[in-house]
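Visitor: Before we discuss any classification, may I see the model itself?
Guide: Certainly; here it is.

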Amino acid sequence: MTTRVTFISPAIGAELRAAAFEDGAGLDPSGRARAAEAGAGLRSGRHSVTFHTTVHSPTARCRETAEALGLPAVPEPALAAWSMGRWRGRTLEELTTTEPAALAQWLADPEAAPHGGEPLTALCARVADWLDALAGTHPDGRVLAVAEPELVRAAALHTLGAPPASFWRIDVAPLTATELSGRTGRWNLRCGRPLELL
């Protein structure tokens, strides 16, 4: 039995444009317009798929993206944004100047959490646990999740069995679909599918 999970990354907002860590901001007008446009394409797709479960990361931008796409999604606590502790809302550019050693440690060591939040290994484990639990509870089911880019990256790592260091080498474009299919212990990955082709 196969479970299929489709992740949709949120529309871009001010935080993503500034390379800032999530701080509860929603979409800006441009992001909201792009999500609404993508939603119109998604609803008019000739090959639309029925999802048994539709969820979103409990962040404003993921909730607003789901709404703009016309998806009846509910928040999923396991897909919470990566906890950045005291770095929440700060930009990479700012940290390069104010905390260069801590930033370098965080980028080099997946166990490091100099910000006081969640280390990369914990983020990856949380997403892997959610995926594997889905495989056990949604056999022959389709799940759609509007999720923060870092969660999609962690899901890709789990799917490929790649080491945590590979996390930094995965890009997730706004408003694209990343599809996983499989079961506990074995997943396949399909990246970057345009939403209108779902």
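Visitor: What volume does the largest pocket have?
Guide: In this predicted model, the volume of the largest pocket is about 550 Å³.

Visitor: Which residues lie nearest the centre of that pocket?
Guide: Leu16, Ala20, Pro149, Glu150 and Arg153 do, out of 22 lining residues. To count as lining, a residue must have an atom within 4 Å of a pocket point.

Visitor: Which helices each supply at least two residues of the lining?
Guide: They are H1 (14-17), H5 (100-108) and H7 (149-160). H7 gives the largest share, three residues.

Visitor: How is the lining of the largest pocket divided by class?
Guide: It has 16 nonpolar and six charged residues, and no polar ones. Glycine would count as polar under this scheme.

Visitor: Why is Ser57 called buried?
Guide: The term requires a relative accessible area under 20%. Ser57 has 0%, and is therefore buried. Its place is in the loop between strand S2 (53-56) and helix H3 (60-69).

Visitor: What makes the approach of the Ser57 side chain to Leu79 a polar contact?
Guide: The limit for such a pair of N or O atoms is 3.5 Å. The side chain of Ser57 reaches the backbone oxygen of Leu79 at 2.8 Å, and the backbone nitrogen of Glu148 at 3.3 Å. Both pairs accordingly meet the distance limit.

Visitor: Which residues are in contact with Ser57, leaving aside its neighbours within four places in sequence?
Guide: Leu79 and Glu148 appear again, together with Cys62, Arg63, Val146, Ala147 and Leu151.

Visitor: How do you know that H3 is mostly covered?
Guide: Eight of the 10 residues of H3 are buried. These are Ala60, Arg61, Cys62, Glu64, Thr65, Ala66, Ala68 and Leu69. After H3 comes Gly70, with a positive phi near 80°.

Visitor: What makes a set of residues a nonpolar core, and which residues have the most contacts inside the largest one?
Guide: The members must be buried residues of the listed nonpolar types, joined through side-chain atoms within 4.5 Å. The largest such core has 32 residues, and Val5, Phe7, Trp87, Trp130 and Leu131 have the most contacts inside it. At least two of its residues come from each of strand S1 (3-8), H5, helix H6 (120-137), strand S4 (142-146) and H7. The largest share, eight residues, is that of H6. In soluble globular proteins, nonpolar side chains tend to be buried together.

Visitor: Which residues does Val5 touch, not counting those up to four places away in sequence?
Guide: Val5 touches Trp130, Leu131, Leu134, Val143, Thr178, Glu179, Leu180 and Trp187. Apart from the largest core lies another, of 17 residues, including Ile8, Ala11, Ala38 and Val146.

Visitor: Why does Leu189 count as partly exposed?
Guide: Partly exposed lies between the 20% and 50% limits. Leu189 has 28% relative accessibility, so it belongs in that class. Leu189 is placed in strand S6 (residues 186-194). Beyond its neighbours within four places in sequence, Leu189 is in contact with Ala156, Thr159, Leu160, Thr178, Glu179 and Leu180.

Visitor: How far apart are Leu189 and Glu67?
Guide: They are 122 residues apart in sequence and 26 Å apart in space, C-alpha to C-alpha.

Visitor: Why is Gln105 given the term partly exposed?
Guide: Gln105 has 42% relative accessibility, and therefore falls in that class. Gln105 lies in helix H5. Not counting residues up to four places away in sequence, Gln105 touches Ala112 and Pro114.

Notes. Residues are numbered from 1 along each chain as its sequence is written. This is a predicted model: local features need pLDDT of at least 70, side-chain atom pairs count only at pLDDT 80 or more; totals for chains, interfaces and linings use all residues. Side-chain values use heavy atoms; hydrogens and water are left out. On a 1 Å grid over the protein atoms alone, a cavity is a set of points where a 1.4 Å probe fits but cannot get out, and a pocket is an open set with protein on both sides within 12 Å along at least five of seven lines; lining residues have an atom within 4 Å of a point. Grid points are joined across faces, edges and corners, and a volume is the space filled by probe spheres set on the points. Helices (H or I, at least four residues) and strands (E, at least two) are DSSP runs, numbered from the N terminus. Buried means under 20% relative accessible area, exposed over 50%, partly exposed in between (1.4 Å probe, protein chains only). A polar contact is a pair of N or O atoms within 3.5 Å; within protein, one must be able to donate a hydrogen and the other to accept it, and residues adjacent in sequence count only if both atoms are side-chain atoms. Contact means heavy atoms within 4.5 Å.
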